[in-house]
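Subject: Structure for you to look at

Hi,

Here is the structure I said I would pass on. Have it open while you read the rest of this email.

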Amino acid sequence: MKPAPFTLHRPSDVAEAAQLLTRFADDEVRILAGGQSLVPMMAFRLARPGHLIDINGLGELAQITQSDGAIEIGALVRHNDIASAEIEGATGALLKKVMPNIAHHPIRARGTICGSLAHADPSSEWCLSAATLDAVLLARSATGKREIAARDWFTGAMSTSLQADELLTGVRLPVLPEGTRFGFQEFSRRKGDFAICAALVVFEIHYGVIEEARIGIGGAEDHPRRIAEGEAVLKGQRPSAELFARAGAAVAAALDPMEDHSTKAAYRRDLACDLVEGALQEAAR
Amino acid sequence: MNHRPQPIIGQSLTRLEDPPLVRGKGRFAADVNFPHQLHMRVVRSPVAHGRLRGVNVEAALQLKGVVAVWTAQDVADLSPIDYREGRIEKLEPYRQPVLARDFVRYVGEPVAVVFAVDAYVAEDGADLVELDIETLQPITDAEQAVGEFAPGLSTEAAIVTQGFGDVEGAFASAHAVVSLDLQVGRHSGVPLETRGAIGRYDAARDVLELHGAAKVPHKNRESLARMLGRTTTTLHLYEYHVGGGFGIRGEIYPEDILVLVAALRLERPVKWIEDRREHMMCANQSRHQRHYVSAAVDREGRLLAIKNEFFHDQGAYPRTHALRIAETTCGILPGPYHVGAYSALGHYRLTNKTPCATYRAPGRYETNFVRERLLDAIAHKLGISRVDVRRVNLIKKEEMPYERPLSVLEDDVSYDSGDYEGLLDKSLQAIGWDELQASLKERRANGEIVGAGLALFIEKSGLGPTDGAHVNVDTNGVVEVITGGASVGQGFETVIGQVCADILGADYRKVRVVHGQTDRIEFGIGAHASRATVMTANAVAAAAAKVRAKALDMASELLQTPAADLEIEKGVIFRRDAPSGPTITLGAVANALRPMAKTRGPREPGLCSDGWFDSEHQVYPYGNQLAVVKIDPRSGAVTVERYLIAYDVGRAINPMLVRGQILGGFAQGLGGALYEEFLYDDNGEPLSVTFADYLMPTMAEVPPVEVLLCEDAPSPRNPLGIKGAGESGIAPVGAAIASAVEDALQSYGVVRQLPLTPQRIKAILDGFKS
């Protein structure tokens with residue numbers, strides 16, 4: 001569990017980091033932010049970057065900024081920073097609810113939100129949040145900037161559309177209006193484990209009926225996504241236990257869950273149904 | 001008014017060994033370093049079964065910093081790893097070679113070793129070793145057809161049997177027969193500290209040293225000396241702090257032999273520290289058994305006979321314990337109950353998985369589950385309560401000692417003392433069993449999936465036959481107790497210190513306890529199978545009593561008082577009837593007994609003595625565990641709402657430490673009941689090699705536990721009345737939780753496999769719907 005040899009770089013600004021990425025793009029170059037996934041993978045020698053670019057000195061990336069109805073979270077913002085951050089609207093409350101479900105305190109103290117998005121674990125709570133809220137991911141390379149919609153970001157399990165010469169500098173989330181309802185439920189074997197399935201639901205209630213419904217599922221498929229079939233069940237309807245059960249069933253039917261040695265696809269599908277129903281009830285309370 | 005000293009035995013004193021540990025001054029295997037040392041990295045088989053055609057080490061040897069690379073050819077002169085108890089003729093051909101030769105038999109089997117100047121280069125070098133392996137079909141299920149281990153050798157390495165009475169006759173005339181098919185998953189100790197071994201050869205003294213020993217340093221010294229062709233006086237083992245033993249740490253593994261041989265041949269100290277992934281693939285696993293068990297009962301549920309056939313999934317090699325777990329499985333299964341006739345037949349099968357050996361409560365975690373499942377099934381079949389079916393079968397207090405024609409660890413089963421029914425009554429009352437049933441019934445009526453369960457069990461402990469100790473008081477009054485025991489974190493120094501201080505009259509805080517150093521004492525039994533306190537503490541008591549007698553004899557002369565009128569407390573000798581009168585300290589008495597001291601007279605020099613304790617039989621502590629669980633219908637996950645452990649330890653030297661043993665054991669038992677499982681795919685590839693895949697319970701999963709610690713049945717088999725405590729917390733956890741889960745499900749014969757994972761329970765729940 002000692003990593004293979006690598007060269008460590010410590011750029012002094014984002015431009016230099018981008019240049020280093022371009023220079024070593026063909027040599028398994030990786031960005032080191034919180035290191036909570038990358039470093040263990042290097043210890044197992046599953047990741048063998050020839051070059052590691054440590055961005056922890058780039059203070060400009062450690063900011064949370066808010067303007068024009070959007071929140072931008074920089075690449076060095078740690079999971080735990082969300083607890084003390086003042087973030088507008090229901091978005092802030094939602095992020096604060098989701099955050100404690102990520103791993104354990106030491107990991108949350110060091111790991112970063114953008115690191116989770118770049119790592120793209122199917123079970124990641126932040127990937128689920130980004131997908132559900134239609135986040136925009138902000139990439140930077142030596143030649144310019146690029147904005148990538150969440151639905152175009154995930155290309156498979158632990159795979160994204162970020163190019164080898166690009167640095168994920170931040171993520172932009174919408175400020176949800178005050179009064180927006182949300183619910184989050186996940187199931188993992190132990191507290192802090194990767195979720196076998198997770199559901200994040202968001203909606204508004206206008207004149208007694210549901211509008212702007214979003215249902216996101218994580219952990220079940222190879223990347224999190226919104227499930228339109230479930231959202232359609234809710235649109236324009238009055239909240240009820242029966243409705244929520246139907247939405248859960250619609251989501252489950254629309255999923256193509258992963259199956260692996262420890263978890264059957266049908267188990268994930270059943271969980272998704274129950275978790276969506278539970279998250280909707282929680283949101284409606 | 002005569003002064004009586006405060007007893008020290010029985011007090012929950014804080015631990016003698018804690019000061020360095022809580023100050024970060026401990027020394028574990030990885031903390032041991034010697035100048036000029038090399039680091040060893042093991043190249044391991046990536047396949048579960050294959051023919052080893054060749055190993056190319058050229059590229060690794062070219063790497064700067066690599067000093068040597070060895071394969072089987074380089075250690076062809078070494079014997080395979082011996083069984084701890086010596087030669088077992090039938091199993092000789094199955095012993096694991098130090099490095100694989102001709103065949104590889106599990107993923108992780110050592111094939112080559114790289115020695116380099118640091119751990120990083122050693123791992124880089126190991127990456128460059130090329131293995132040429134022809135993959136063969138692996139055996140991944142102990143019940144599948146047997147294969148060939150080697151030409152002419154079956155993968156059924158042995159069949160073990162025990163039994164008594166007319167089993168078939170009992171079944172033929174039974175009122176009812178109950179049969180179950182039960183499985184216990186593969187799990188193990190997984191201590192926080194991984195294995196580690198540092199070999200060093202001192203050519204000036206011609207002494208070979210193994211640092212980082214644990215559990216059984218003296219036994220291992222004998223085995224290693226035999227394998228390496230050395231005398232025991234020129235081979236020494238050194239134990240430091242040990243971050244958890246649990247049976248799996250401190251056995252002899254290939255790496256221990258390799259660091260010693262390398263230290264000799266390369267003439268440099270050689271250090272090896274196991275990483276976690278290696279630990280999950282290579283350290284001993286345990287438990288994995290499937291039982292086909294039947295009981296013949298009369299109308300009241302009395303056990304007329306039990307018949308059990310089981311398959312023991314040993315993994316690739318027998319390892320140092322050989323057949324012990326399978327044999328214990330046969331001998332201990334009947335537990336605290338009368339059984340009219342009994343037969344056990346175990347298939348000891350080799351598979352292409354990590355080898356198995358003992359893990360805390362070996363053979364008992366498994367059989368408690370099997371036996372108690374059987375009793376629940378009998379209760380259901382006959383329509384009597386789960387408590388009554390146990391009560392009618394329990395061995396009575398008046399029947400002690402109770403002998404049964406079975407053996408455990410080659411010792412004839414003879415329960416020494418106990419009031420099993422008395423403890424059952426106490427624990428049922430403590431948890432409020434009857435009210436509990438009523439409230440659970442009400443909750444179930446409201447749609448909750450909740451239930452309660454119980455498991456009764458016998459432990460075995462204190463296997464001798466003999467242990468010794470040496471007690472010495474220096475002229476400052478500091479007492480050194482030299483033992484051949486071992487500390488695996490259980491509080492050994494504290495317990496030994498308390499016994500010594502109590503018997504001798506010393507100041508507990510002035511006792512220093514030596515353990516795990518083979519160059520300090522010639523013999524030792526180490527720490528395993530819950531025996532350290534029973535055996536070593538009684539030996540220490542014997543030595544301390546002799547030192548006390550000698551101190552009183554010398555003091556009697558110095559104080560001009562008959563020895564019978566003197567008392568010792570906290571290292572000070574005084575007249576019992578005049579505590580404020582003249583006194584003398586143990587240190588001063590030691591000074592008066594120095595070789596050159598005139599005061600010594602004809603006495604032998606030194607305030608010191610050896611002491612020995614011999615035991616005829618093991619001792620048998622006993623207990624009950626009661627669980628209340630709730631099941632989440634969505635996921636099938638089990639939450640333990642309440643848990644009671646009642647345990648009779650005979651006599652608790654330090655009740656706080658006994659509780660600690662019970663609670664720590666419970667947490668591990670919960671792991672095996674609900675979470676932990678070493679899984680393999682059809683190719684024999686291990687799937688549980690990280691803590692993300694092998695789920696140990698954490699603070700969040702382990703519920704509070706109520707402990708009812710009793711001392712109603714001290715052992716008549718040793719002067720202190722002690723029984724062991726090390727394995728009591730873990731032994732019946734799978735049994736008790738399974739019982740509670742089945743009660744929650746209100747369906748019988750459905751809980752058949754540990755661990756009770758959410759998906760297994762969800763499958764049972766889904767089965768109800770369809």
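Below is what I found, going from the domains of chain B to a small sheet, a helix and then the place where the chains touch. One thing to keep in mind throughout: this is a predicted model.

**Domains of chain B**

The domain assignment splits chain B into domain 1 (18–25 + 463–614), domain 2 (32–137 + 195–242 + 249–274), domain 3 (139–193 + 283–395) and domain 4 (416–459 + 622–770). Have a look at domain 3 and domain 4 of chain B: their centres, taken over C-alpha atoms, are 19 Å apart. Where they touch, domain 3 of chain B puts in 34 residues and domain 4 of chain B puts in 39.

Which elements supply two or more residues on the domain 3 side of that contact? They are strand 10 (176–184), helix 9 (364–382) and helix 10 (386–391) of chain B. Helix 9 of chain B gives the largest share, with 9 residues. By type, this side of domain 3 is made up of 12 nonpolar, 10 polar and 12 charged residues.

**A small sheet**

Chain B also has an open sheet of 3 strands in the order 4-2-6, and the pairing is antiparallel. Strand 4 (103–104) and strand 6 (130–135) of chain B are at the edges with a single partner strand each, so one side of each has no neighbour in the sheet. If you'd like some background, strands of a sheet pair through backbone hydrogen bonds, and they can run parallel or antiparallel.

Now zoom in on strand 2 (residues 50–56) of chain B, which pairs with strand 4 of chain B over 2 bridges, in the antiparallel sense. You should find B:Gly50 opposite B:Val104, which sits in strand 4 of chain B.

**A helix to check by eye**

Helix 12 (residues 433–445) of chain B has 13 residues. From its first C-alpha to its last, helix 12 reaches 18 Å, close to the 18 Å expected at 1.5 Å a residue. Just after helix 12 of chain B comes B:Gly447, with a positive phi of about 100 degrees.

**Where chain B touches chain A**

How many residues of each chain are in contact here? There are 21 from chain B and 17 from chain A. On the chain B side, the elements giving two or more residues are helix 3 (119–128), helix 7 (276–282) and helix 18 (758–769). Helix 3 of chain B has the largest share of that side, 4 residues. The chain B side divides into 9 nonpolar, 3 polar and 9 charged residues.

Cheers

Key. Residues numbered from 1 in each chain as written. Chains lettered and ligands numbered in written order. Predicted model: local features only at pLDDT ≥ 70, side-chain atom pairs only at ≥ 80, totals over all residues. Contact = placed C-beta atoms within 7 Å. Nonpolar A, V, L, I, M, F, W, Y, C, P; charged D, E, K, R; others polar. Pairing = 2+ DSSP bridges. Domains from an automatic or database assignment. Expected span 1.5 Å × (residues − 1).
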